[in-house]
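Thanks for making time for this one. I would like to walk through a single model this morning, beginning with a helix, moving on to the strand after it, and ending at the ligand.

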Amino acid sequence: MAKKRVRHHVNPLADMTEHYFDGFDNDNPITIDVGADRGEFTMQLLEIFGERKNFIVCEIRKPLAEKLRKKFEKYRNVVVFDGDVTRNFENIIRPSIDRCVTIEEVYINFPDPWFKDRHKKRRVITERFICSVIDWVPTQTNWIFQTDQKQLFDETMEMLQSMNGIHIAIFDTSPHGVTTKWENAKIAQESAIYRVRFHFI
Ligand SMILES: C[S@@+](CC[C@H](N)C(=O)[O-])C[C@H]1O[C@@H](n2cnc3c(N)ncnc32)[C@H](O)[C@@H]1O
């Protein structure tokens, strides 16, 4: 019988990689793909929006990030960062915000769920991360979180709802009609997909 490949999650708290990004050489709005895996989601957005948008692609796994750099090397409007996105978010985003560039959308598509209580601080959306960005990420930036993991979704919703200054809206179809690789797999298994969009107010 063929062996099933098991993907081990990378502990983001153990990755100390630091990046800094001055921004793109134009002021087009920026879309961020957090936990991009093989980059299929951003590739489809590129097919729709071309050079009208810039894309920041984040993937903690270094070998994958290397593949992503190759995949996107011919696009001047895409940059790829490895390492933990929550550690690097301010350093790679804030210089663009300081130049008044719009950060349009931050996609957190099907992040690793980290169910055990002692592992929950490894999630991408934690209270600590949101507190670290809520004062400087502009209100027009849309954060999009999608998952098939109900427990993760419920706990994240509860956390967001308990914080002041966040507007939250549940929605039910793939943004821009674009599905992710993980989403396609879950749709094939007939799993429910939970989606929320939020912004700071
Ligand atoms: C379950 S996969 C989902 C991939 C893709 N977004 C999709 O929907 O098909 C989660 C991805 O997030 C990456 N990841 C997990 N934690 C991360 C972090 N703190 N920073 C950047 N990437 C992370 C993982 O390596 C993995 O590729």
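Let me take helix α3 as the starting point, where the 14 residues, at 1.5 Å a residue, should span 20 Å, and since the end C-alpha atoms of α3 are 19 Å apart, the two values agree. Please keep in mind throughout that this is a predicted model.

Which residues of α3 are buried? They are Val-85, Thr-86, Phe-89, Ile-92, Ile-93 and Ser-96, and these buried residues pack against four strands and a helix, namely β1, β2, β3, β4 and α4.

After α3 comes Cys-100, which sits in the loop between α3 and β4 and has a positive phi of about 65 degrees although it is not a glycine. As general background, most residues other than glycine have a negative phi. Is Cys-100 buried or exposed? Cys-100 counts as exposed because 8 other C-beta atoms lie within 10 Å, where the cut-off for an exposed residue is 12 or fewer.

Phe-110, in the loop between β4 and α4, is another residue other than glycine with a positive phi, here near 55 degrees. Phe-110, however, has 22 C-beta neighbours inside 10 Å and therefore counts as buried, given that the threshold for that class is 20 or more.

Between those two loops runs β4 itself, which is mostly covered, with five of its seven residues buried. Strand β4 runs parallel to β1, to which five bridges join it, and within that pairing Asp-33 stands opposite Tyr-107 of β4. With β5, residues 142-147, β4 also pairs in the parallel sense, over five bridges, and there Asn-109 has Gln-146 as its bridge partner. Taken together, β4, α4 and β5 make a right-handed β-α-β unit.

Finally, the ligand, which is surrounded by 22 residues, the closest being Pro-12, Gly-35, Asp-37, Thr-180 and Trp-182. Our starting helix returns here, in that α3, residues 85-98, and α6, residues 181-188, are the elements that give two or more residues to the shell around the ligand. Which element provides the largest share of that shell? That is α6, with three residues. As for character, the shell divides into eleven nonpolar, four polar and seven charged residues.

Notes
Residues numbered from 1 in each chain as written. Predicted model: local features only at pLDDT ≥ 70, side-chain atom pairs only at ≥ 80, totals over all residues. Near = placed C-beta within 6 Å. Nonpolar A, V, L, I, M, F, W, Y, C, P; charged D, E, K, R; others polar. Expected span 1.5 Å × (residues − 1). Contact = placed C-beta atoms within 7 Å. Pairing = 2+ DSSP bridges. Right-handed = clockwise from strand over helix to strand, strands pointing away.
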